[in-house]
Amino acid sequence: MVGLLGLAYHQLQPDYLEYQQLKQEGERLTRNLKRYEKYTASTYQLPIEPSQAELAGLEKKVPVMQNQPDYMVQLEQAVNTAGASWKKIELLDDISELFKSPAQAKGSAMIPPDTDVVNEQLGIVSSEELRPIWIKLEVQATQNHFTNLLHQLQQGERLATVVGWNYQWTDDTKAESGVVYLALYSYQDERVKQHLK
């Protein structure tokens, strides 16, 4: 009897495992069908194509040309509106350079952090089409002006992410040096560039 049970188990086990695999695949397909049900419904309509005014607004928020000089003007306006004084701006090749330890900066053999890992930790959108321009902005500002500057950068016309800053003050009314690290984005999709021409 035990031998028959063992033989039946070995005979049926591959069929049972295949059944379980097919059952899981069926459940996944059912979930996908439910997820995309609205797209297959007869009442579904394709999204309306954006108007030229909407495209122009989006193009200001995320330009399709990476090296437009507009961002310099926008940064200067943000600094002036906040009441801070502009000291220096520097374009950074890679934000991961900021996360090197002092030993790495002196030429140690340690490997710098991967850019994708840094982007994920900072909450930066990582996409082939959406490219960040990394900027180090140095200013002279009081505590209130520096706080206003961070707000201006985040709420400005151009999409920007402030990823960090370095600012210390001893007196609320005295202007101190501060540094802001930020990312401004550009959209690198050739189809969009063709559409805007």
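User: Helices (H or I, at least four residues) and strands (E, at least two) are DSSP runs, numbered from the N terminus. In which strand is the place of E138?

Analyst: Happy to help! This is a predicted model, where local features need pLDDT of at least 70, side-chain atom pairs count only at pLDDT 80 or more, and totals for chains, interfaces and linings use all residues. Residues are numbered from 1 along each chain as its sequence is written, and side-chain values use heavy atoms, leaving out hydrogens and water. On residues 130-141 you will find E138, in strand β2.

User: Is E138 buried or exposed?

Analyst: Buried means under 20% relative accessible area, exposed over 50%, and partly exposed in between (1.4 Å probe, protein chains only). Contact means heavy atoms within 4.5 Å, and, leaving aside residues up to four places away in sequence, E138 touches S85, W86, K87, K88, G178 and V179. Because its relative accessibility is 18%, E138 counts as buried.

User: What is the strand order of the open sheet?

Analyst: Two strands pair if DSSP finds at least two bridges between them. Each edge strand, β1 (85-92) and β3 (160-167), pairs on one side only. Strand β2 is joined to β4 (residues 176-187) by 12 bridges, with V139 standing opposite G178 in β4. The four strands pair antiparallel in the order β1-β2-β4-β3.

User: Which helix packs on the sheet, touching β1, β2 and β4?

Analyst: Axes are lines fitted to C-alpha atoms, for helices over the stretch in contact, and angles run from 0 to 180 degrees between N-to-C directions. Helix α7 (residues 143-155) lies across β2, β3 and β4, at about 160° to β3. The helix you want spans residues 70-82, and its direction makes about 145° with that of β1: helix α4.

User: Why is the pair of F146 and Y167 called stacked, and what is the angle between the ring planes?

Analyst: Rings of Phe, Tyr and Trp (its six-membered ring) pair if their centres lie within 6.5 Å; planes under 30 degrees apart count as stacked, over 60 as edge-to-face and the rest as tilted. This pair links helix α7 to strand β3 across 21 residues. The ring centres of F146 and Y167 are 4.3 Å apart, and the pair is stacked because the planes lie at 5°.

User: Which residue joins F146 and Y167 in one aromatic cluster?

Analyst: F146 and Y167 are both buried, Y167 at 11% relative accessibility. Their partner is partly exposed, with a relative accessible area of 38%. Its ring is stacked with that of Y167, at 5.8 Å centre to centre and 25° between the planes. The residue completing the cluster is W169.
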